[in-house]
Amino acid sequence: EPIVNLNREQVDSLSLDEKIELVESCPRKVFELDLEDKVQTARYKDCIFCDECVTKAKVLGKKDMVTVKMDANMFHFTVEAVTKDGPRSVIDVVRAAIRILDYKLSLFLQDAYGDEIGDDYLPLQPRGSN
């Protein structure tokens, strides 16, 4: 998830034309001008980390005016649980995907470091469930 910050002092010091340039620099329309012609972060979740706004800020001579960082504590993903055999529960799909990822990481470790693949990769069912 993106964290988009505007240095309010630097943004407010821009001319109206420069503010419009900054808003229009974003291909995903993350920024907009409010009724008082102030640049606002309107749709931060639409940010794709292209850094066009950061580049525009540098072109305008305001290097630290816009910062875009990734929230390392958040990860969004979409699960589609429809198969040729009909719908599956989301939990089953995620569990199967994690099992496959775990197995592939075990293969990578074996290839990269010579570690043997043990029986400690994820089981078909969580421990304690029947």
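## Helix packing and core

User: Are H2 and H3 roughly parallel or roughly antiparallel to each other?

Analyst: This is a predicted model, where local features need pLDDT of at least 70 and side-chain atom pairs pLDDT 80 or more, while totals for chains, interfaces and linings use all residues. Residues are numbered from 1 along each chain as its sequence is written, and side-chain values use heavy atoms, without hydrogens or water. The axes (lines fitted to C-alpha atoms over the stretch in contact, with angles from 0 to 180 degrees between N-to-C directions) of these helices (DSSP H or I runs of at least four residues, numbered from the N terminus) come within 8 Å and cross at roughly 155 degrees. Since angles over 145 degrees count this way, H2 and H3 are therefore roughly antiparallel.

User: Which residues in H3 meet H2?

Analyst: Contact means heavy atoms within 4.5 Å. On the H2 side the residues are Glu-21, Leu-22 and Ser-25, and those they meet in H3 are Glu-52, Cys-53 and Lys-56.

User: Which element gives the most residues to the largest nonpolar core?

Analyst: Such a core joins buried (under 20% relative accessible area, 1.4 Å probe, protein chains only) Ala, Val, Leu, Ile, Met, Phe, Trp, Tyr and Cys residues through side-chain atoms within 4.5 Å. The largest has 18 residues, with Leu-22 and Cys-53 among those with the most contacts inside it. Helices H2 (16–25) and H3 (52–59) are among the elements giving two or more residues, and the greatest contribution, three residues, comes from H3.

Terms used. Buried < 20%, exposed > 50% of the residue type's maximum accessible area, 1.4 Å probe, protein only. Parallel < 35°, antiparallel > 145°, perpendicular 65-115°, else oblique.
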